[in-house]
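Me: Please take a close look at one loop residue with an unusual backbone angle. Then set it beside whatever else in the model helps to place it.

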Amino acid sequence: NLVFGIDLRDYRAGHYAKVHDLLGGSFYLDRFSNFDNNLLTPNRVAFKGDKIRYDYDGKVRWGSLFAQVEKTINQFDIFVSANTSRIQMSRVGNMWSGDPEYITNSLGESDVRVFNNYNAKAGVNYRITGRHNVFVNGGRFTRAPFLRNAFIDSRYGNEYLDGLKNETIHSAELGYSYRTSRLRVNFNAYYTEWKDRVLSNDAFIDERTGRKQALNGIAALHKGLELDARFEVIPGLEITAMASTGDWRWKNNVQLISTDDQGTEVVVQSVNVKNLKVGNSAQTTAFIGMHYKRSRNSYFGFRYNYFADLYESFDPAQRTSEVIKPVRKLPNYGILDIYAGYYFNFGEFRSRVSANVHNVLNDTFIRRSDEQFGVQEAYGFPINFNANFTVYFN
């Protein structure tokens, strides 16, 4: 089997801050220190819901050619896939910052940066019997840095970091699957090395040019185990579960290289992050859920997710002290959701109404935190719900 094609995407998204709560005041003056956040509207008085501080659009265009070939030889299923892509990114500032650092480069569109990338992956699955199979796959990928990390500060200015380059990822996976008419189990182990991570930072400045540089050469190692299962207890009642444990760490220390007035490269300082935990993703997770299909038309169920080994994110370029500062571990938490739905005919079309309640127990939890500016914690949503009405036209 051969599959090939083209993938084209055009993305534009708005990013801004807004007044959420006046905290008892009558208005908010959109200024910081002694300058206006937007010189287009000096001394602007903002009210609840108004945009403040920053307002910009991120633009990304993506074009990719891809191909995959699959072949079965006796009990072996083999695949090889590859693609090449070209990514263009730019920033469009909708505010004219009065900050002296960004006053000349905050408004309007930045220049367009282009990154060329490739992916290559191969794998083999061995069907031991009709119920048992094992697989292994691996690949090498390159990818452009995230748009938000490509600029000195994407919130306020159009100036890119110097020294931007593609990130490189090596990944391997080994797994086992078991299948019966009522039970499905998957187990896998993964190992991923992520090199040349491009991270937004404010600490590394080339002494000769005075420009802020991307922190190149740093790598993260992600490895772990994952298990998921699905079991039909009785017809219509299904239990699903998942558990994963990982060890995600920064792999190496790096040296920040600058150039002097004669163009000679010199070591400015060392970034000491080796073995520190990667932040803002739970490295231990678990899930259990129940789905009951009462009839052909109705269903309901619950999902409980548990998150642990979650660490605060930090700016590696600020870890220049010889004494390595540990990363703060955030509290573990769990979230219970419930849902229900009903199918019916809407004229000649199949339709559905459904409802979901998220965080039923109304737990308070920190879903992510940033070490920058002391501590910046983002809390999860309290109990909330949504209802949907869907019409299927096929």
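Reply: Asn 43 sits in the loop that runs between strand E4 (35-36) and strand E5 (45-46). The model is a predicted one. In it, Asn 43 has a positive phi of about 50°, although the residue is not a glycine. Most residues other than glycine have a negative phi. As for exposure, Asn 43 counts as partly exposed because its relative accessibility is 48%, and the exposed class begins over 50%.

A second asparagine can be set beside it. Asn 280, also not a glycine, has a positive phi, near 70°. Asn 280 is placed in the loop between strand E16 (265-271) and strand E17 (284-292). The relative accessible area of Asn 280 is 16%, so Asn 280 is buried, the limit for that class being under 20%.

The interior space is a separate matter. The structure holds one cavity of 30 Å³ or more, and the largest cavity has a volume of about 40 Å³. Its lining consists of Asn 37, Arg 53, Tyr 54, Asp 55, Arg 91, Met 95, Ser 97, Ser 106, Arg 155 and Tyr 156. By class, that lining divides into four charged, three polar and three nonpolar residues; Tyr counts as nonpolar here. Strand E6 (residues 51-73) gives the most to the lining, with three residues.

Definitions and conventions
Residues numbered from 1 in each chain as written. Predicted model: local features only at pLDDT ≥ 70, side-chain atom pairs only at ≥ 80, totals over all residues. Heavy atoms only, no water. Helix = DSSP H or I, 4+ residues; strand = E, 2+ residues; numbered from the N terminus. Buried < 20%, exposed > 50% of the residue type's maximum accessible area, 1.4 Å probe, protein only. 1 Å grid on protein atoms, 1.4 Å probe; cavity = no way out; pocket = protein on both sides within 12 Å on 5 of 7 lines; lining within 4 Å. Points joined across faces, edges and corners; volume = space filled by probe spheres on them.
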